[in-house]
Amino acid sequence: MKLSAQHLVRPEIAAMGAYHVADASGLIKLDAMENPYRLPERLRAELGQALADALINRYPDSHGGGLKQQLKDAFAIPAAAEVLLGNGSDEIITLVAQALAKPGAVMLAAEPSFVMYKMNALFSRLEYVGVPLRADFSLDLPAMLAAIERHQPAVVFLAYPNNPTGNRFPREDVLAVLDAAPGLVVVDEAYQAFADDSFMNLAGRVDNLLVMRTLSKLGLAGIRLGYAAGTPAWIAELDKVRPPYNVNVLTQAAAKVALKHMDVFDAQASELRRERARLAEALAQWPACTVYPSEANFLTVRVPDAPALFDYLRQQGILIKNLHGAHPLLAHCLRFTVGSPDENSAVLAALNAYFS
């Protein structure tokens, strides 16, 4: 007798749903924290030539073909650190979970935070411990330290700034977690281009620190390139579970072109910071909106009826992220990606009609 998928798939996998990506066809897409700007024409031409010259008949260089050094130069990664490349930072989370998944090992994270931490704990059969944030989304440091003491986690994930709340935890709180943790601490800096602080200066210098980033939020979400910096000892262990050709030829070629033009992406990030401030100030004018501080390229806002407002905006051709139901602390919260000036103005016009 042939066994069905229902009989063969692990029960905890069968019980879960797949990660849902909404169809944004025909909509102003402000649900996924993407940079709204395309590459300038001159860069597109350079990129096109680089991709045309890429040896797609060959396997990619397993070590990045000089890309790691370009990343170190572009983002001031200390000489003491080694770099690990990933197919997006999602894959780096997977590699960490796989490498540390001893029987009984624990992954600990603040909640709510990036859903892929918990999902990868499930996939790799790590025990997962979530420590709730406070009601204002600040880090509950005493609770974090107590959980570390009790569970002795193999790895702690902290998003800095945090997704989906947008706030950046105090640096001294993260340092306290680093000091208390017996295992690896992954500081996820996916939104660093929009934030006012970073732990990259400590990469390779603090034994249990791994600083993880992605090029996605910078404006290169489509090429799927993540990277992590840490001590040579940690990177060497994580590299053992990395598929040898995980970063493809076209991604490597595109990243090498992009990293030569960081001035373009820095200017776009500065513009998005200004738009974030404009959007936050405008949203705060409506008493029904509670706008939370953000150092990311999105704003999290609490409203009286998040599902109703989400549906209304979709009817107006605007797709945002409905966080209601994802976690008790996110009750009636919506997440607005910061778009272009015209996109943000369209959002504000729709909200003005809704709240008037």
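**Questions on a predicted chain**

Reader: How many of the 5 residues of strand β10 are buried?

Author: Strand β10 covers residues 298–302 and is mostly covered. Strands (E, at least two residues) and helices (H or I, at least four) are DSSP runs, numbered from the N terminus. Buried means under 20% relative accessible area, exposed means over 50%, and partly exposed lies in between, with a 1.4 Å probe and protein chains only. By that cut-off, the number of buried residues in β10 is 4.

Reader: What pLDDT do local features need in this model?

Author: Residues are numbered from 1 along each chain as its sequence is written, and side-chain values use heavy atoms, with hydrogens and water left out. This is a predicted model, in which totals for chains, interfaces and linings use all residues, side-chain atom pairs count only at pLDDT 80 or more, and local features need a pLDDT of at least 70.

Reader: Which residue of β10 stands opposite T290?

Author: Strands pair if DSSP finds at least two bridges between them. Strand β9 (residues 290–291) runs antiparallel to β10 and is joined to it by 2 bridges, while a hairpin of 6 residues connects the two strands. Opposite T290 in β10 stands R302.

Reader: Which residue of β13 stands opposite V301?

Author: Strand β10 also pairs with strand β13 (residues 333–337), in the antiparallel sense and over 5 bridges. Opposite V301 in β13 stands L334.

Reader: Which are the edge strands of the open sheet that contains β10?

Author: In general, strands of a sheet pair through backbone hydrogen bonds, either parallel or antiparallel. Here 4 strands follow the order β9-β10-β13-β12 with antiparallel pairing. β12 meets β13 over 2 bridges, and the bridge partner of N322 in β13 is L334. The strands that pair on one side only are β9 and β12 (321–322).

Reader: Why is strand β2 described as largely enclosed, and which residue of β8 stands opposite V83?

Author: Strand β2 (residues 82–86) has 4 of its 5 residues buried, so the rest of the structure largely encloses it. Its pairing with strand β8 (residues 226–230) is antiparallel and spans 5 bridges. Opposite V83 in β8 stands A229.

Reader: Which elements are included in what covers the buried residues of α6?

Author: Helix α6 (residues 115–124) has M116, Y117, M119, N120, A121 and S124 buried. Contact means heavy atoms within 4.5 Å. The cover of these residues includes α5 (88–100), β3 (106–111), β4 (127–132), β5 (155–159) and β6 (184–188).

Reader: What is the omega of the cis peptide bond that joins N163 and P164?

Author: One cis peptide bond joins E111 and P112, with omega about 0 degrees; P112 is placed in the loop between β3 and α6. P164 is placed in the loop between β5 and α8 (171–180). The bond between N163 and P164 is likewise cis, and its omega is about 25 degrees.

Reader: Is M33 buried or exposed?

Author: M33 is found in the loop between β1 (28–29) and α3 (41–53). Its phi is near 55 degrees, a positive value in a residue other than glycine. Because its relative accessible area is 5%, M33 is buried.

Reader: What relative accessibility does R224 have?

Author: R224 is placed in the loop between α9 (216–220) and β8. R224 has a positive phi of about 55 degrees although it is not a glycine. R224 counts as partly exposed, with a relative accessibility of 29%.

Reader: How far apart in space are A277 and L202?

Author: A277 lies in helix α12 (residues 262–283) and counts as partly exposed at 45% relative accessibility. In sequence, A277 and L202 are 75 residues apart, whereas in space, C-alpha to C-alpha, they are apart by 29 Å.

Reader: What is the radius of gyration of the chain?

Author: The chain has 14 helices and 13 strands. The radius of gyration is taken over C-alpha atoms, and the globule rule is 2.2 Å times the number of residues to the power 0.38. For 356 residues that rule gives 21 Å, and the value for the chain is close to it, so the chain is as compact as a globular protein of that length; its radius of gyration is 21 Å.
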